[in-house]
Amino acid sequence: MNQRTRTRVLAIAFFVCLGSACAEEPAENEPLPREHPNLVIVMPDQMRGQALGFMNEDPVVTPNLDRLASEGVVLAQAVVNYPVCSPMRAMFMTGRYPHSNGVIGNCNSVTAPFGYELRQADRTWSDVLADKGYSLGYIGKWHLDAPHEPYVESSNNTAEMAWNEWCPPERRHGFDSWYAYGTYDQHTRPMYWAADTPRDEAFYVDQWGPEHEADRAIAYIQNEGGDFRDADQPFALVVAMNPPHMPYDLVPEKYVAYYDGKTYRDLLVRPNVDVDGDSPMSELARTQTKNYFAMVTGVDEQLGRILEALEEEGLANDTIVLFTSDHGNCLGTHGQISKNNHYEESMRVPFLVRWPGRIEPRHDDLLISTPDIFPTLLDLMGFAEDIPAEVEGASYASILLTGEGERPTSQLYLWVPPGEPAGGRRGVRTRRYTLMIEKTSDRVTETTLHDNKEDPYQLRNIADESPDVVERLIEEELTPWLEKTNDPWLTESLEPI
Ligand code: CA
């Protein structure tokens with residue numbers, strides 16, 4: 001039942017009651033609005049913010065996202081500060097920046113000796129909701145545990161480098177319903193550990209990952225027989241799908257069929273792809289963009305099924321839905337293979353929030369970034385006072401609800417080489433500019449400045465011709481961010497060599 005229908009039902013119920021002694025109660029079977037709403041987060045992996053049909057950037061088919069966008073707020077400037085898997089997921093869970101939550105790189109066997117994994121002691125938004133009595137479900141990719149020997153049996157856990165790891169129950173941060181894996185990319189035969197599955201008994205499913213995970217999400221929402229959650233309590237559910245992450249060809253043909261007849265020239269509309277080049281990245285773009293868009297369409301279809309289940313169960317009005325991704329995908333733009341760089345295709349992600357009757361549908365250019373998700377959601381859900389003091393992100397609940405509130409002037413960007421917390425790249429993204437500075441051995445080796453207003457595809461580095469802008473962004477934006485986040489990268493050697 002949508003909000004308008006609900007209002008009409010309530011109005012009729014009230015009218016019928018006039019002249020009688022009946023109480024002003026809503027019609028029977030009408031779910032009462034909850035003081036604290038449910039939460040459903042759908043978070044595919046590697047879906048760039050440009051791959052949304054309604055944005056009119058990539059020529060991609062996303063009817064369900066287009067509809068969701070018309071029903072909620074779209075934060076079209078949302079970015080991931082450190083656009084790669086584990087750092088994003090740790091910021092998302094803890095509301096803290098990488099140097100504070102300790103996940104300053106992907107979780108794998110190379111970074112395990114440095115302790116890169118979500119800390120059991122850190123208080124996540126799910127810990128807060130669990131303490132409030134919420135039922136909590138997690139489905140899909142987690143990737144927040146460091147692999148340890150003997151490595152679990154998994155095709156991506158070879159002797160050279162291990163990626164996949166089981167998450168033991170004590171490290172699940174309040175998620176009582178669990179159907180997840182560390183990291184594993186075989187989309188047509190995904191693997192999982194359920195809540196009680198032992199570490200050495202992961203199982204495989206012969207179904208496209210997002211479809212299977214939507215099946216599980218729908219079962220969780222329907223909760224037949226009370227098997228999945230406490231029906232009397234609100235719930236929070238994360239559906240962390242792996243596609244449109246590579247390998248791009250592991251996608252059902254029915255989604256590729258949406259792009260039948262399209263050539264790579266029809267699909268590669270961004271001028272920052274060298275469409276006719278002979279480099280491996282040009283080849284990647286030419287051969288895989290159709291599959292990437294097909295996977296986006298498949299994810300969109302599965303999102304649509306989850307939204308339909310919420311509506312059928314009468315839960316849509318009492319559920320906040322967030323759709324976002326852990327980072328974007330260059331897929332050949334700027335000659336880049338995928339993510340973990342400062343370009344728009346890598347940093348910008350979808351960010352759609354729907355809460356019928358509470359959040360008005362619109363677009364907003366708020367510069368939200370990953371650590372803000374935790375406080376913003378808890379604030380929206382009525383738990384502002386329960387946001388832990390150590391959370392470094394800001395709540396923008398007021399902006400989502402009213403359009404009014406204090407706004408940030410920039411977003412922080414990071415990349416950290418394994419085991420070198422003070423090294424790598426840092427930068428900021430403002431409403432107009434992207435600044436990226438790379439340091440090697442304590443010396444600045446590269447400074448890149450893009451004017452995203454004049455040059456939206458970031459084709460020109462104007463750092464040399466605009467030293468005043470570089471200096472201002474370092475002084476007014478980057479330095480305060482690095483101080484706030486206790487980043488050891490911050491030294492006095494910021495002058496280009
Ligand atoms: Ca990822």
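# A guided reading of the predicted model

Q46 is buried, with a relative accessible area of 0%. This residue of the predicted model is placed in the loop between β1 and α2. Its phi is near 75 degrees, a positive value in a residue other than glycine. Such a value deserves notice because most residues other than glycine have a negative phi. H173 offers a second case, with a positive phi of about 50 degrees although it is not a glycine. H173 is found in the loop between β3 and β4 and is buried, with a relative accessible area of 5%.

The loop that holds Q46 also contributes to the calcium site. D45 lies in this loop, between β1 (38-42) and α2 (63-71), while D326 lies in the loop between β8 (319-324) and α10 (344-347), so the pair ties together parts that are 281 residues apart in sequence. Both D45 and D326 are buried. The protein donors of the calcium ion are D45 (OD), D45 (OD), C85 (SG), D326 (OD) and H327 (NE2), at 2.2 to 2.9 Å from the ion. Along the chain, these donors follow the spacing D-x39-C-x240-D-H.

The strands that lead into these two loops, β1 and β8, are themselves paired. Five bridges join β1 to β8, and the two run parallel; within this pairing, N38 stands opposite T319 in β8. Four bridges join β1 to strand β7 (residues 235-240), again in a parallel arrangement, and the bridge partner of V40 in β7 is L237. How far is β1 enclosed by the rest of the structure? Five of the five residues of β1 are buried, so the strand is largely enclosed. N38, V40 and V42 point one way from β1, and L39 and I41 point the other way; all are buried.

These pairings belong to an open sheet of 10 strands in the order β6-β5-β4-β3-β7-β1-β8-β9-β2-β10, with mixed pairing. Its edge strands are β6 (203-204) and β10 (362-364), each of which pairs on one side only. Elsewhere in the sheet, five bridges join strand β3 (residues 135-141) to strand β4 (residues 177-181), which run parallel. There, the bridge partner of K141 in β4 is Y181.

Several helices can be placed relative to this sheet. α2 packs on it, touching β2 (73-75), β8 and β9 (351-354), and its direction makes about 60 degrees with that of β9. Helix α6 (residues 209-222) lies across β3, β4, β5 (191-194) and β7, running at about 175 degrees to β7. Two packed helices are described by the angle between their axes and the distance between the axes. For α2 and helix α9 (residues 280-312), the angle is about 50 degrees and the axes are 7 Å apart. That angle makes α2 oblique to α9. The contact is made by P63, N64, L65, R67 and L68 of α2 together with D300, E301, L303, G304, L307 and E311 of α9.

Helix α11 (residues 373-380) has seven of its eight residues buried, so it is largely enclosed by the rest of the structure. The buried residues are I373, F374, P375, T376, L377, L378 and L380. What covers them includes β1, α3 (85-94), α5 (125-131), β8, β9 and α12 (397-402). Just after α11, G382 takes a positive phi of about 90 degrees.

The backbone also contains cis peptide bonds, which stand out because most peptide bonds are trans. One joins P243 and P244, with omega of about 10 degrees. Another runs from M246 to P247, with omega near 0 degrees. P244 lies in the loop between β7 and α7 (253-256), and P247 likewise lies in the loop between β7 and α7.

The cysteines complete the account. How many disulfides does the structure hold? The structure holds zero disulfides. C167 is in no disulfide, and the nearest cysteine sulfur, that of C107, is 10 Å away, whereas a disulfide would require the two sulfur atoms to be within 2.5 Å. C167 is buried, with a relative accessible area of 3%. C330 is likewise in no disulfide; the nearest cysteine sulfur is that of C85, 16 Å away. C330 is buried, with a relative accessible area of 0%. C85 also appears among the calcium donors through its SG atom.

Definitions and conventions. Residues numbered from 1 in each chain as written. Predicted model: local features only at pLDDT ≥ 70, side-chain atom pairs only at ≥ 80, totals over all residues. Heavy atoms only, no water. Buried < 20%, exposed > 50% of the residue type's maximum accessible area, 1.4 Å probe, protein only. Donors = N, O, S within 2.8 Å, 3.2 Å for Na, K, Ca; no water. Pairing = 2+ DSSP bridges. Axes fitted to C-alpha atoms, helices over the stretch in contact; angles between N-to-C directions. Parallel < 35°, antiparallel > 145°, perpendicular 65-115°, else oblique. Contact = heavy atoms within 4.5 Å.
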